Each structure stands twice: as C-alpha cells, then as structure tokens.
Amino acid sequence: MITPEDLLVGPRGRRFCFELLGHAADESSEVVRALEAVIDTVDPRSIDTTQVLRALADTADAAMSWQEPDATDVLLARSEFAPALTRLASTWASLPAVTAVVEPPGAVTQWSTVFDGEHGRHPDRGAGPGAAARSLTAWHRALMTEVAAVRPRDRRRPAAANVSGSWWSTPPPELVTTTAAVGTLGPIGLWAVEDGLGWERATVAPIHPSPDVRVLVVDSAEDWGALCRRWSVDVSDTTRRHDWYRTTGRDGRWLTPDWSALAETHDAVHVTVRAWLRAAGTAIPVDPDTASVTAGWTPDTTVWLRDPQPVVDDDAATVWTFDGDALRWTTADDEVLTDGVFPTRS
C-alpha cells in the first residue's frame with residue numbers, strides 16, 4: 001500500500017504531489033495564486049488515472065540527474081511548504097487512480113516501448129544468441145576503461161567543478177526494457193520517461209516472460225543500497241562525482257551498480273514507481289562512506305539482463321502517438337482499446 005511518506009521523502013515524490021495538483025486544478029483555477037488555495041479547489045474524487053500519468057510524466061521530465069534541482073524542486077523542499085505537501089500526500093496516497101499507477105498489479109505481460117528515433121527497432125530484433133552477454137561485457141569494459149583513465153589531477157578537482165560526462169546508473173540501452181500497462185492507457189514507459197527527448201510517436205509491443213524468472217526488485221532506497229553493497233563499481237573519480245554532486249549536494253565516494261555481475265544471478269532488475277518517487281534525485285547510502293543514485297531510470301522499468309532476451313511480440317505491436325491538445329497518448333488511427341487489451345496492428 002502506498003503511503004503519504006512515499007510521496008514526501010524524496011524530491012520526485014514531492015514534485016509528483018505538486019504536478020498532480022496542477023493537473024487536477026486545471027479545470028477549476030486558471031492561476032495558481034497560493035498552494036493552499038488551489039488545494040481547496042480540487043475534489044479528489046475527480047482525479048482519474050490519466051491525470052496521474054500526466055503528473056508522473058511531468059515529474060519524470062523534470063528529473064535531470066546531471067544538474068542542480070530546478071527552482072520548483074528547491075521551493076518544494078522548503079520547510080514552509082511541508083504542511084501543504086503533507087496534506088496533498090495524505091490525499092493522493094488514498095486515491096485508487098494513484099494506486100493504479102504507483103502500484104500496478106503484477107502481470108504476466110510486460111510492454112516494450114520504443115520511441116521513433118530512439119533505437120529505430122526493438123532491441124532484441126536480429127540481435128542473435130548471446131546479445132545480452134555481449135552488451136553487458138562491452139558496457140563493463142567501457143566503464144572500467146573510464147575508471148582506469150582517471151588522472152591524478154582529475155581527483156584533485158573540487159566536486160563543484162564545471163565538469164560533466166556519463167551520469168546515468170542504468171544498464172546498457174541495448175537490453176530489452178519493459179514496464180507494466182495501466183489499463184487501456186498504455187505502458188507507464190510510454191508516459192513517464194526520465195531524460196526523454198519529447199518523442200511523440202512510439203511502438204508498443206508485449207513480451208511474455210517465463211514465470212520462473214529471477215527478478216531483483218528495487219522497491220526503496222534501501223533496496224538500491226543493498227544492490228550496490230553486493231554488486232557495484234567505484235566511480236568516485238569519474239565525471240559522475242561532479243554530476244551527482246550537482247543533483248544531490250553530496251561530495252564523497254560514489255558507487256554504480258555492476259550490471260554484468262548482477263546478471264550472473266538474476267534475469268532482470270525492476271525499479272518500482274514507489275522506489276523512484278522515494279529515491280530518485282537523492283544520494284542513497286550504501287556504506288558509511290559511499291553512496292549511489294538512481295540516475296536515468298524511468299519509473300516502473302524492468303531491464304532484462306540475461307540471454308535469451310525476452311521475445312518482443314512484433315505481431316501484436318501497436319503504434320501510439322501523443323495528442324498535444326488532449327495531453328495523452330492514443331493508438332494510431334483512433335483504435336479503440338477494450339478490456340485492457342491493446343489491438344494488434346494490421
């Protein structure tokens with residue numbers, strides 16, 4: 001069960017509360033003059049799942065893990081906003097529409113979302129046997145080369161130096177990535193994308209994982225910290241030190257997950273919406289002198305680490321487009337979705 005604390009402890013959760021208020025108030029208040037006043041204009045019973053997905057999308061769009069928190073995040077972290085945010089979080093956490101997005105029911109089917117111009121094709125298509133192992137090996141080799149290339153003068157630079165580079169803590173992008181679907185509104189990965197490029201067209205296709213897959217579920221900051229205690233690489237002296245300092249304010253030793261090592265024991269890793277709301281944008285403690293971040297993760301993402309990669313069912317793929325007037329994703333040609341089943345492409 002989602003709790004108000006889930007929506008209050010991290011910058012993404014607080015931002016989500018604020019963004020959902022904005023979408024809920026659009027119909028009843030043209031100008032937001034005061035947060036408390038706007039809260040009073042909103043009937044929580046009017047909140048629907050589309051509004052929740054829009055709020056999550058706006059929150060993800062504002063998550064930039066290579067720079068300082070923006071003005072809205074800074075404002076929402078101020079103590080004088082705590083009472084209003086607590087009131088919001090208590091209201092939002094009890095709504096069925098919020099639960100449907102933050103805690104999507106476990107489903108046999110997962111959904112691959114590939115945006116036009118992102119990869120150009122589903123990651124597994126034509127990759128051949130051993131594709132995941134090759135991607136992870138190349139990723140690990142590149143990371144270790146980056147760590148080995150650090151020079152003494154790099155270590156002496158202050159954390160606040162104007163230096164940037166690789167800032168994400170995700171597995172290699174060639175691996176199959178999926179999210180759950182929210183009813184007939186499509187996969188969460190269609191709506192909420194961290195570090196997206198404003199895509200307006202995507203192909204969505206199902207995958208059907210084996211029921212005995214071994215998935216490491218990250219449902220909290222503590223879960224991410226435990227992951228890094230067991231499988232990680234020290235990246236303290238790389239450019240991540242500067243990017244992660246800017247986004248979290250912490251200067252110290254940093255770890256990033258070693259996905260190639262995790263793949264030795266697990267088929268996939270799943271970062272829940274709850275974990276993303278609580279932990280993204282924060283320095284997650286690993287040990288007394290080390291920390292990590294969930295940088296670049298889209299909420300509810302499952303990344304499939306091992307071979308054979310899950311088969312993307314292209315015969316059941318559907319093209320979706322973003323309607324800028326309605327602020328929602330729809331299937332191409334206004335196809336109708338019924339009973340939570342996506343139509344197949346002719």
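Contact here means heavy atoms within 4.5 Å. In this predicted model, helix 10 (residues 221-230) lies across strand 4 and strand 7 (268-271). The direction of helix 10 makes about 130° with that of strand 4.

**The eight-stranded sheet**

Strand 4 and strand 7 belong to an open sheet of eight strands, arranged in the order 4-7-10-2-1-3-11-12 with mixed pairing. Strand 4 (215-218) and strand 12 (328-331) are at the edges; each has a single partner strand, so one side of each lacks a neighbour in the sheet. From one strand to the next, the twist averages 30°.

Strands of a sheet pair through backbone hydrogen bonds, in either a parallel or an antiparallel sense. Strand 3 (residues 201-207) pairs with strand 11 (residues 318-323) in the antiparallel sense, over four bridges. Strand 3 also pairs with strand 1 (residues 110-115), again antiparallel, over six bridges. Residue by residue, Thr203 has Val319 of strand 11 as its bridge partner, and Val114 stands opposite Thr203 in strand 3. Val204 is bridged to Thr318 in strand 11.

How much of strand 3 is buried? Six of its seven residues are, so strand 3 is largely enclosed by the rest of the structure.

**Glu200, ahead of strand 3**

Glu200 sits in the loop between helix 9 (188-191) and strand 3. Is Glu200 buried or exposed? Its relative accessibility is 53%, and the cut-off for exposed is over 50%, so Glu200 counts as exposed. Leaving aside residues up to four places away in sequence, Glu200 touches Trp320, Thr321, Phe322 and Trp329. Glu200 and Phe322 are 122 residues apart in sequence, yet their C-alpha atoms are 4.8 Å apart in space.

**The four-stranded sheet**

A further open sheet has four strands in the order 5-6-9-8, and its pairing is mixed. Its edges are strand 5 (232-234) and strand 8 (284-287); each has a single partner strand, so one side of each is left without a neighbour in the sheet. The twist in this sheet averages 40° from one strand to the next.

Strand 5 and strand 6 (residues 253-257) run antiparallel and are joined by three bridges. Within this pair, Asp234 has Leu255 of strand 6 as its bridge partner. Helix 7 (residues 131-148) packs on the sheet and touches strand 5 and strand 6. The direction of helix 7 makes about 20° with that of strand 5.

The antiparallel strand pairs described so far are set out below.

| Strand pair | Bridges |
|---|---|
| Strand 3 and strand 11 | four bridges |
| Strand 1 and strand 3 | six bridges |
| Strand 5 and strand 6 | three bridges |

**Helix 10 and its two sides**

Helix 10 also lies across strand 5, strand 6, strand 8 and strand 9 (290-292). Helix 10 runs at about 35° to strand 8, and at about 130° to strand 4.

Which residues of helix 10 are buried? They are Ala221, Trp224, Gly225, Leu227 and Cys228. Viewed down the axis of helix 10, these buried residues fall within an arc of 155°, so they line one face of the helix. An α-helix has 3.6 residues a turn, so residues three or four places apart point the same way. The face of helix 10 turned away from the buried side carries the exposed residues Glu222 and Arg230.

Definitions and conventions
Residues numbered from 1 in each chain as written. Predicted model: local features only at pLDDT ≥ 70, side-chain atom pairs only at ≥ 80, totals over all residues. Heavy atoms only, no water. Pairing = 2+ DSSP bridges. Axes fitted to C-alpha atoms, helices over the stretch in contact; angles between N-to-C directions. Buried < 20%, exposed > 50% of the residue type's maximum accessible area, 1.4 Å probe, protein only. Arc of directions from axis to C-beta.
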